[in-house]
Structure formats: structure tokens, C-alpha cells
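Dear colleague,

I am passing this structure on to you, together with a short account of its pockets and its core. Please keep in mind while reading that the model is predicted.

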Amino acid sequence: MKLVLLSFVLVATCFNSLNAQRLEFLNKHHFQVYDTMEYEYVFLKIIHEDSVSMKSQTYTKDGKVKISQYTLIKDGNGTEKNELLLRFYEDGKLQSNCKRDLTTSEELVKTYYKNGQLKSEIKCVEDDVISENYYSDLGEIISKPIVSEGLPKDGISGWNSYLAKTLRYPLDARAANQEGKVIIAFELTEVGEIINPEIANPEEIHPSLGKEALRAVKNYPHMWAPYTVNGKAEMCNTRLPVLFKLTD
């Protein structure tokens, strides 16, 4: 297995040098995997960059299904002008299309149902929404969905208060002068229960920091307010940053 992977990496490296491309391995949370012997990768990202553009395409591990595509356009001076992000469903159909003019900060985001019907289109300038329209899967205009994000007891302030009381800075990480932001990913059920918590970025942080952040999330004693759409609770995937910073 090691020999096969090594051969694949060597071939990829030669391919990259000839075509100005590089290959990245990503875990299921889309963080880059550097040690493929230690950590599982789920996606492959192929990146091509030259003086006027950068394009990346992310595929499933077997290379058969495209998950997303990102394109950045620059002018002759290297100034970034426009970017386009496409996301796809598992069957390859377009899920969303985000176009952004980096010179005017105008952004147009369109989402689609699995049947190909337009689901929403939202136009923004910086953080201001200029226009937004929503549609049913039959193409009928509908009201904007009322979405309530899943939140811990007493909101973000309550969560931060819990972390301040619960987290203990690992001694080995402190001795090594290690800081960082641990991203904990988990599923939030329809009743507000945290399930399957795990470290989304294990190679970016000291192992003890990840372990301590995971312990704190697993030991959270309260239920969350669930994620809801038009008052109906739904299962959702959630990420929480847990910051470790040394003080004098």
C-alpha cells in the first residue's frame, strides 16, 4: 500500500511540474491532509495557477465525481478581479453558483434544487443584500425561508463562558509554546443533541490541544436549540472553533 501511494505521489509530482499543476489531499471536512499514512483523505483537489488565473477542482477520492470548482481571474498586473465558485450534488448536477466582482464587491449567489430548478438568487454588495428571490422546486416564487441557526444554551456568550470554565491548557502544549484554533465538527440532531464530534483540522494544531477541545465539546452538559427552517427542526452539520492562546 505504501509503495503504491508513493508511486502515485511521484507521478503526480512529475505531472505538476510539467503542467504547472499541483495536487492536494483533503479530509471529509475539506482541510488539507499532509500525512496520508496517518490521516484519511476523502477528496482530491487539482490546482492550476498561472499569471492571470487560478483554478481548482475538487473530486471524490476515486476522481469520478466533481464536488466543487473555483476560478480566480487576475488582470495583467496580477490584481485579483473576479472569482467563481461552483458546488455540485453527488450526481454531478449544479448545487450553487457564486460569482463575485472583487473590484466592486458585488456578489451574486444562486442555488438549485436537485431537479435543476433555481432555488434562490441573492445579490449583495459587501455585507448588504441588494435583492433576493426564492422559488419552489416547481419554479413558483415563495417567501424567504425563516432559518434559525442551532445555538448552545444562552447562545454564543453562554458557550464561551462554558469553555472559559472548562478548558485546561495542556501542559505539554504549553511547554512547547503551542497555540492554535481547533475546529470541532459535529452533527446537531433535530432535538439539539451533539453527535459524532471530531477534530476537523488535526494536522494544523498540537495533538493535546485537539484532545482537550474535543473533551470539552463531548462533556457539554446542555442541549442546543436545534437548527430550524420555517419552524421545523432539521439535522445539520456544525463547526465550532476552540481557540488556545498563551498569555504572559
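The largest pocket has a volume of about 1100 Å³, and of the 32 residues that line it, Arg87, Gln95, Tyr227, Cys236 and Asn237 lie nearest its centre. Two or more lining residues come from each of several strands, namely E7 (94-101), E8 (106-112), E9 (118-125), E10 (128-135), E13, E14 (194-199), E15 and E17, and it is E17 that gives the largest share, with 4 residues. Sorted by class, this lining holds 15 nonpolar, 10 polar and 7 charged residues.

The second largest pocket has a volume of about 210 Å³ and is lined by 16 residues, with Asn27, Lys28, His29, Glu40 and Pro202 lying nearest its centre. Strand E2 (32-33) and strand E14 each supply at least two residues of that lining, which divides into 7 nonpolar, 4 polar and 5 charged residues.

As for the interior, the largest nonpolar core has 25 residues, and those with the most contacts inside it are Val182, Ile184 and Phe186. At least two residues of this core come from each of helix H2 (155-166), strand E13 (180-188), helix H4 (207-218), strand E15 (227-229) and strand E17 (236-244), with H4 giving the most, 5 residues.

Phe186 may be a useful place to begin looking: leaving aside residues up to four places away in sequence, Phe186 touches Ile194, Ile195, Asn196, Pro197, Val217, Trp224, Cys236, Asn237, Thr238 and Leu240. Cys236 and Asn237 are also among the residues nearest the centre of the largest pocket.

With best regards

Definitions and conventions. Residues are numbered from 1 along each chain as its sequence is written. This is a predicted model: local features need pLDDT of at least 70, side-chain atom pairs count only at pLDDT 80 or more; totals for chains, interfaces and linings use all residues. Side-chain values use heavy atoms; hydrogens and water are left out. A nonpolar core is a set of buried Ala, Val, Leu, Ile, Met, Phe, Trp, Tyr and Cys residues joined through side-chain atoms within 4.5 Å. Buried means under 20% relative accessible area, exposed over 50%, partly exposed in between (1.4 Å probe, protein chains only). Contact means heavy atoms within 4.5 Å. On a 1 Å grid over the protein atoms alone, a cavity is a set of points where a 1.4 Å probe fits but cannot get out, and a pocket is an open set with protein on both sides within 12 Å along at least five of seven lines; lining residues have an atom within 4 Å of a point. Grid points are joined across faces, edges and corners, and a volume is the space filled by probe spheres set on the points. Ala, Val, Leu, Ile, Met, Phe, Trp, Tyr, Cys and Pro count as nonpolar, Asp, Glu, Lys and Arg as charged, and the others, Gly among them, as polar.
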